[in-house]
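Please work through the following exercises with the sequence and the model at hand. Each task is followed by a solution in steps.

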Amino acid sequence: MTDDNDRWTITFEGYDPEQEGLREALCALGNGFFVTRGAAEEVAADGIHYPGTYIAGGYNRAQSEVAGQTIVNEDLVNFPNWLSLTFRPLDGEWVDFARMEVLSFRRELNLREGLLLRTYTIRDDRGKTTTVASRRLVHMRCPQVAAIEYQITPVDWSGPIQIRSMLDGKVTNAGVERYRQLNPNHLRTVNKGTVAPEGVYLLVKTTQSRLEVAQAARTRVFKQEEEAHVHITTVIEDSEAGQVFATDAREGEPIRVEKVVALHTSRDRGITESALDARLQITTAGSFAQLLRTHRAAWRSLWRRADLELELEPGIGDGAPDDGVLLRLQIFHLLQTVSENTRGLDVSVPARGLHGEAYRGHIFWDELFILPFYLQSFPEINRSLTRYRYFRLTAARAYASECGYRGAMFPWQSSSNGREETQYVHLNPRSGSWDPDHSRLQRHINAAIVYNIWQHYLVTRRRPFIEQYGAEIILEIARFWSSISQYNEQTGRYEIHSVMGPDEYHEKYPDATEGGLRNNAYTNIMAVWCIERALEALKRIDPERRKDLIDVLDIKDEEITRWTDITHKMTIHFHGDGIISQFQGFEELEEFPWEEYRKKYGDIHRLDRILKAEGSSPDRYKVAKQPDVTMLFYLLRPEEVKRIFHQLGYAFDEQTIAGNIHYYMDRCSHGSTLSNIVFSAILDRIDRNHSWELFRHALRADFKDVQGGTTKEGIHLGAMAGTINIVLNRYAGVDTTGKTIAINPNLPKAVRRIRVKVQYRGEWLDLTVTHQKLRIELEECADEILVVEVKDIPYRIEPGGALEIDL
């Protein structure tokens, strides 16, 4: 029988330099305000290890000279390393895993309590053996606090020992190899010094955004639970501040070190000066044990709302960790990236979390996959994240105008102020060349924003939110879609040109000099859907607010008439037997020789890099990096897709869906972790065995680092959230977008049981699903009787009551 702790623990045995980067990303700890990678306390960035600390919204711009031109990039900044803690016998060297004999090494991530535990035993070149056990937390209730407990036990020696605790500001952004030609320097040290009566502090400022970040550290040494007599030497250097503690060690007797750190920024609420507040924080912070107690309580509260138990049938699985633990790992990293501590911050969710520097910490369309998790369990957090887009509406209007459009056009990559952060050139690591980057033409990001806002409205039915924030965004995006749509007099239909679809491999037509494609089907259909939501929003909001918006935005009757016309006359191209053409001209491309390239290269996930390194391009072929047309079936119900196609005057039926799924799946390289998420979801009703295989592959994507080295640069948060969405919405069959909550379970054969808490408009239900039964419990403090539809049959549950339904 599986121990309950095993279902909450990720364990890595042994010291493997090649796996350190991956394990550091997977073992990162955070609280929604900042995240620190799971690097060992004793190491600095050295090509194997990469300690990194990233703050929500902590961006900075810097210029670089690349390929003969000056480019400007905005990066999520790596802030000073507060972890630095190490030791040595007085006659020995500081801990160095590369030079010392590592006798044992274990890293354990406690998901339930948000703790990273390490134990290791080393032998130095003088034959002295030492065992170390450490525990680390990034406090979930006190978001500016982190702490380490570090226990040193001499195994076969006694004598003088030195313990060094530092705040290291000599850090740069060097965590992604392909970015290393870019300027990595984002910080300058402003001040450093001591904190009375104990401790040190370090104050840095970003070079362009002028964000001040202060760290203060208090380090104490204990023997036999009493504070030890130590000699302290303060170390204040150019970009470092710390202390060295000297004492005597005895064989077999542990020395326990506590390091408590406070991290404040100049943007924090309720502060006067970041350095002062950091110093004050550590003088009042409790002991590690006290901090651990309140930290555990905060995590208990989060898991009560967010836990999802997935139990497989006996004999299913491929060893530890099992699927249920991996699902909790996904939830864990979502809660560390965005939590209650994120509410009220002017930030959104970076596609790679706050776990590394991949994608420079930018925000993409991955929100489409991530926000549903928060909407289900933390709708107030979902609203906070949506406001990030509202506060950048002015920038989106300016971007649209700059490109010759009306309304608001949000950028493909966003970070601090909402300007387009996509590069004009992009490094191909396979060829070493800098190629043109046309990905800013992915205008479908605007559809993702509307989709998330509308989902929030359907799930919560909160009119005040859509009236105050959502409707204005939706209307301005509808105006953009209208302005980018061109009327073709010959066909009598509207067209959208110069865009890229979600596929990303196809940037332009073969041999074309300009980027962009015509009539990408996903973009065109979602443009229609967005405009329909704008028209519906105008009907649903308060009449006075509607009048205000129409006046402020200067929406004329003829504009509304054009919007309605577009929803009936948008262009979609087809080829073959009912295949929706990914874009106009897709059918004229060459079929790709898949087997030839698999034999030649093995891993062909990133065909774009392979082909460009050969002097060719995926623009020539019927290939895709990830779902494009088929995204329609992921986001919209089959009846909704059918309705839109019929409204546009095109034939469409259920066979069209299955035919298109199989056609495009056969031509997909799955070069994105999102690919298996989408195909697993849309295959769930068509080919359950294949769908289940893809789900399990997606569940392991980061843990197994299936993309060959990318996870160490930052986790793939969209794919992580996508696995949770599949379990909740497809397997448990929960739908909270209707007038009543609907539950239609459909467990895969391999799944024995799912248990999850579901929030429906302020009321919490506890669901347990097996192949035979569905049990629903409504919390006792619920305000009223709740109606639940199961397999289209309505049931009534009283507060504190339960239903058990045969399936």
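Two strands count as paired if DSSP finds at least two bridges between them. The model used throughout is a predicted one.

**Exercise 1. A small sheet**

Task: Determine the order in which the three strands of the open sheet are arranged, and identify its edge strands.

Solution.
- Step 1. The open sheet has the strand order β2-β3-β4, and the pairing is antiparallel.
- Step 2. An edge strand pairs on one side only, and this applies to β2 (29–30) and β4 (53–55).
- Step 3. Between β2 and strand β3 (residues 34–36) there are two bridges, in the antiparallel sense. This number satisfies the cut-off of at least two bridges.
- Step 4. At the level of residues, Gly30 has Val35 of β3 opposite it.
- Step 5. As background, strands of a sheet pair through backbone hydrogen bonds, either parallel or antiparallel.

**Exercise 2. Salt bridges within and between elements**

Task: State how many salt bridges the whole structure contains, then examine where the partners of Arg752, Glu536 and Arg620 lie.

Solution.
- Step 1. A search of the whole structure yields 64 salt bridges. The criterion is a side-chain nitrogen of Lys or Arg within 4 Å of a carboxyl oxygen of Asp or Glu.
- Step 2. Arg752 and Glu311 meet this criterion, with their closest N and O atoms 3.5 Å apart. Arg752 belongs to strand β29 (residues 751–760) and Glu311 to strand β20 (residues 308–312), so the salt bridge ties together parts that are 441 residues apart in sequence. Arg752 is partly exposed at 37% relative accessibility, and Glu311 is partly exposed at 24%.
- Step 3. For Glu536 and Arg540, the closest N and O atoms are 2.6 Å apart. Both residues lie in helix α10 (residues 521–540); because they are four residues apart there, about one helical turn separates them. Arg540 has a relative accessible area of 31% and is partly exposed.
- Step 4. Arg620 and Glu590 form a salt bridge with an N to O distance of 3.0 Å. This pair links distant parts of the chain, 30 residues apart: Arg620 is in the loop between α14 (607–613) and α15 (631–635), and Glu590 is in the loop between β26 (579–580) and α13 (594–601). Arg620 is partly exposed at 33%, as is Glu590 at 38%.
- Step 5. Salt bridges can also join into a network, as they do for Arg397, Arg406, Glu472, Glu476, Arg479 and Glu559.

**Exercise 3. The largest cavity**

Task: Describe the largest cavity by its volume, its lining and the classes of its lining residues.

Solution.
- Step 1. Six cavities of 30 Å³ or more are present in the structure.
- Step 2. The largest cavity encloses about 100 Å³ of space.
- Step 3. Its lining includes Ala62, Ser64, Asn73, Asp75, Asn173 and Tyr179. Also among the lining residues are Leu182, Asn183, Pro184, Glu357 and Arg360.
- Step 4. The elements that contribute two or more residues to this lining are β5 (59–66) and β6 (69–76).
- Step 5. Sorted by class, the lining consists of four nonpolar, four polar and three charged residues.

**Exercise 4. Positive phi angles in a loop**

Task: Locate Lys791 and Asp792, and decide whether each is buried, partly exposed or exposed.

Solution.
- Step 1. Lys791 is found in the loop between β32 (786–790) and β33 (793–797). Asp792 is placed in the loop between β32 and β33.
- Step 2. Lys791 is not a glycine, yet its phi is positive, at about 50°. Asp792, likewise not a glycine, has a positive phi of about 70°.
- Step 3. Lys791 is partly exposed at 44% relative accessibility. Asp792 is exposed at 65%, since the cut-off for exposed is over 50%.

**Exercise 5. Cysteines and disulfides**

Task: State how many disulfides the structure holds, and explain why Cys530 is not bonded to Cys403.

Solution.
- Step 1. A disulfide is a covalent bond between the sulfur atoms of two cysteines.
- Step 2. The structure holds zero disulfides.
- Step 3. The cysteine sulfur closest to that of Cys530 is in Cys403, 18 Å away, which is too far for a bond.
- Step 4. Cys530 is buried, with a relative accessible area of 1%, whereas Cys781 is exposed at 58% relative accessibility.

Technical notes
Residues are numbered from 1 along each chain as its sequence is written. This is a predicted model: local features need pLDDT of at least 70, side-chain atom pairs count only at pLDDT 80 or more; totals for chains, interfaces and linings use all residues. Side-chain values use heavy atoms; hydrogens and water are left out. Buried means under 20% relative accessible area, exposed over 50%, partly exposed in between (1.4 Å probe, protein chains only). On a 1 Å grid over the protein atoms alone, a cavity is a set of points where a 1.4 Å probe fits but cannot get out, and a pocket is an open set with protein on both sides within 12 Å along at least five of seven lines; lining residues have an atom within 4 Å of a point. Grid points are joined across faces, edges and corners, and a volume is the space filled by probe spheres set on the points. Ala, Val, Leu, Ile, Met, Phe, Trp, Tyr, Cys and Pro count as nonpolar, Asp, Glu, Lys and Arg as charged, and the others, Gly among them, as polar. A disulfide is a pair of cysteine sulfur atoms within 2.5 Å.
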